[in-house]
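The following exercises practise the reading of a protein model. Please study the sequence and the structure, attempt each task, and then compare the solution.

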Amino acid sequence: QVQLAESGGGLVQPGGSLRLSCAVSESIRNMNNMGWYRQAPGKQRELVAEINSSGNPNYADSVKGRFTISKDNSKNTLDLQMNSLKPEDTAVYYCNAIWIFLGRRFDYWGQGTQVTVSS
């Protein structure tokens, strides 16, 4: 069973920065896609950013130009650099990995890390 563990959340003032990291228990070279999602209280979980096996990123419009997703295949980690944070970025952030094998899709999730943007 693939395990994902997020770290790096916390409390930050508006305009500040945080870097989230997701450690994966197995080689992420096998993963077809990896991403960061978030869920604010009373809202549905939404995609923040994703990166495919070729390293091509995709961002939600709300974070374009402020967030950067990256992965390190040698360390089996997925990071999310968040700059110019806004109160509306407050949410629990989840790491996700997708593995497609023999036509079957396997989704793996971390336990989440809280990000709070407040003065």
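**Exercise 1. Describe the surroundings of Trp-99 and the aromatic rings of the model.**

Step 1. Trp-99 has a relative accessible area of 26% and is therefore partly exposed; buried means under 20%, exposed over 50%, and partly exposed in between, with a 1.4 Å probe and protein chains only. The structure is a predicted model, in which local features need pLDDT of at least 70 and side-chain atom pairs count only at pLDDT 80 or more, while totals for chains, interfaces and linings use all residues. Residues are numbered from 1 along each chain as its sequence is written, and side-chain values use heavy atoms, with hydrogens and water left out.

Step 2. Count the aromatic pairs: the structure holds 3. The ring centres of Trp-99 and Phe-101 are 5.0 Å apart and their planes stand at 20 degrees, so this pair is stacked. Rings of Phe, Tyr and Trp (its six-membered ring) pair if their centres lie within 6.5 Å; planes under 30 degrees apart count as stacked, over 60 as edge-to-face and the rest as tilted.

Step 3. Phe-101 is partly exposed, because its relative accessibility is 42%. Together with Phe-106, Trp-99 and Phe-101 form one aromatic cluster.

**Exercise 2. Determine over which rings Arg-45 lies.**

Step 1. Apply the criterion: NZ of Lys or CZ of Arg must be within 6 Å of the ring centre and within 35 degrees of the ring normal.

Step 2. Arg-45 lies over the face of Tyr-94, 3.8 Å from the ring centre. Its charged end also sits over the ring of Trp-109, at 4.6 Å from the centre.

**Exercise 3. Characterise the position and the contacts of Asp-79.**

Step 1. Locate the residue: Asp-79 belongs to strand E8, residues 77-82. Strands (E, at least two residues) and helices (H or I, at least four) are DSSP runs, numbered from the N terminus.

Step 2. Asp-79 counts as buried, because its relative accessible area is 14%.

Step 3. The side chains of Asp-79 and Ser-21 make a polar contact of 2.8 Å. Such a contact is a pair of N or O atoms within 3.5 Å; within protein, one must be able to donate a hydrogen and the other to accept it, and residues adjacent in sequence count only if both atoms are side-chain atoms.

Step 4. With neighbours within four places in sequence left aside, the residues in contact with Asp-79 include Arg-19, Cys-22, Trp-36 and Thr-68; contact means heavy atoms within 4.5 Å.

**Exercise 4. Compare the loop residues Ser-84 and Leu-102.**

Step 1. Ser-84 lies in the loop between E8 and strand E9 (91-101), and Leu-102 in the loop between E9 and strand E10 (104-109).

Step 2. Phi of Ser-84 is near 50 degrees, a positive value in a residue other than glycine. Leu-102 is not a glycine either, and has a positive phi of about 50 degrees.

Step 3. Ser-84 is partly exposed because its relative accessibility is 41%, whereas Leu-102, at 75%, is exposed.

**Exercise 5. Summarise the overall fold.**

Step 1. The protein has 0 helices and 11 strands.

Step 2. A compact globule of 119 residues would have a radius of gyration near 14 Å, and the protein agrees, with 14 Å. This radius is taken over C-alpha atoms, and the globule rule is 2.2 Å times the number of residues to the power 0.38.

Step 3. The C-alpha trace spans about 50 × 25 × 25 Å along its principal axes, and 42% of the 119 residues count as buried.
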